[in-house]
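User: I would like a close look at a single part of this protein. Please pick one strand and describe its partners, its surroundings and its place in the whole.

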Amino acid sequence: MLETVRGWIREARHIAVLTGAGMSAESGVPTFRDAQTGLWSQFNPQELATEAAFRAHPQRVWDWYAHRREMIAGVAPNAGHVALAAFEQRHPGRLTLITQNVDGLHQRAGHTNALALHGNIADDRWLDAPRACCRVDAIEAGRPPRCPVCGNLRRPAVVWFGEHLPTVALEAAEQAARHCELMLVVGTSGEVYPAAGLALTAHQCGARVVIVNPEVTPLDAVAELCLRQPAALCLPLLLA
Ligand code: OAD
């Protein structure tokens, strides 16, 4: 099966890769929906990953993200991230990397133009539209930091449930899904839309879809092949 997919990779003029939390599992970043180890098996996303939760309990939400930020700063890209970045460098313009991950590990592996659909946990932004008094060079430290004049809060620059994805990145991802000949879907449960819909778009537009995931997912239904392997093992074999 690996050899078949390697052949498809050689042939494809344009490849899209959609990654999810499983991509970073072997770096030590917990996924969201894996039983036992997934973050959403221990925490309620409605209490931590919505704007309403942040407005109700800004310190609790800020601290949870601060803890994840710290944890992520202490891990490193794995062989899968490195293989993708090296492929992009060897074949400029042939691969579009679309990620749901906010951990920045693709970027740290050297990927220069990953489409980060859910933002980046290392960044933050104003909760409410910034006013004239809200200046990043005058932020009052705190959990969360705030504008000392109007009280506007800083929040993690990630996409929470119910929020829109960044338009430019989403449009570029949709375009890649429509025009690719092969889409690799790596380490995502395929539960969260619109990201999961990109695999359906690629399939409907005639691309081969290949899943890299040790577990079954709903997206397997549109896949030509499912490689039941972990990403850090499988991607170097596929992309070498
Ligand atoms: P999930 O936690 O929903 O799914 C992780 C997937 O990775 C599962 O299907 C696992 O089987 C698979 N997996 C685990 N270890 C793996 C490995 N070593 N190699 C390959 N696959 C592995 O994570 P996502 O699909 O990314 O949203 O979740 C989508 C979104 O839901 C996330 O971006 C996040 C979350 O709420 C935001 O943060 C906005």
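Analyst: A good place to begin is a single pair of residues, L184 and V210, which stand opposite each other, with V210 belonging to β7. The coordinates come from a predicted model, and what follows should be read with that in mind.

The pair sits where two parallel strands meet: β6 is joined by 5 bridges to β7, which covers residues 208–212. Another strand is also paired with β6, namely β1 (residues 15–19), and here too the two run parallel, with 5 bridges joining β1 to residues 182–186 of β6. Within that second pairing, I15 has L182 of β6 as its bridge partner.

Turning to the side chains, in a regular strand they alternate between the two faces of the sheet. For β6, L182, L184 and V186 point one way, while M183 and V185 point the other way. Every one of these residues is buried, whichever way it points, and the strand is accordingly described as mostly covered, with 5 of its 5 residues buried. With buried taken as under 20% relative accessible area, this can be set beside the protein as a whole, in which buried residues make up 50% of the 240 residues.

The wider sheet gives these pairings their context. It is an open sheet of 6 strands with parallel pairing, and its order is β3-β2-β1-β6-β7-β8, which places β6 between β1 and β7. At the edges stand β3 (115–116) and β8 (225–227), and because each has a single partner strand, one side of each is left without a neighbour in the sheet.

Beyond the sheet, the protein has 10 helices and 8 strands, and its C-alpha trace spans about 60 × 40 × 30 Å along the principal axes. A compact globule of 240 residues would have a radius of gyration near 18 Å, and the 19 Å found for this protein agrees with that. Among contacts with a separation of 6 or more, 67% are made by residues 24 or more positions apart.

As for the surface, the accessible area of the protein comes to about 11200 Å², and 54% of it belongs to carbon and sulfur atoms. The charged side chains number 21 positive and 23 negative, and the centres of the two sets lie 3 Å apart.

Definitions and conventions: Residues numbered from 1 in each chain as written. Predicted model: local features only at pLDDT ≥ 70, side-chain atom pairs only at ≥ 80, totals over all residues. Heavy atoms only, no water. Helix = DSSP H or I, 4+ residues; strand = E, 2+ residues; numbered from the N terminus. Rg over C-alpha atoms; globule rule 2.2 N^0.38 Å. Buried < 20%, exposed > 50% of the residue type's maximum accessible area, 1.4 Å probe, protein only. Contact = heavy atoms within 4.5 Å. Areas by Shrake-Rupley, 256 points an atom, 1.4 Å probe, with all protein chains shown as cover. Lys, Arg positive; Asp, Glu negative; His and termini not counted. Charge placed at Lys NZ, Arg CZ, Asp CG, Glu CD. Pairing = 2+ DSSP bridges.
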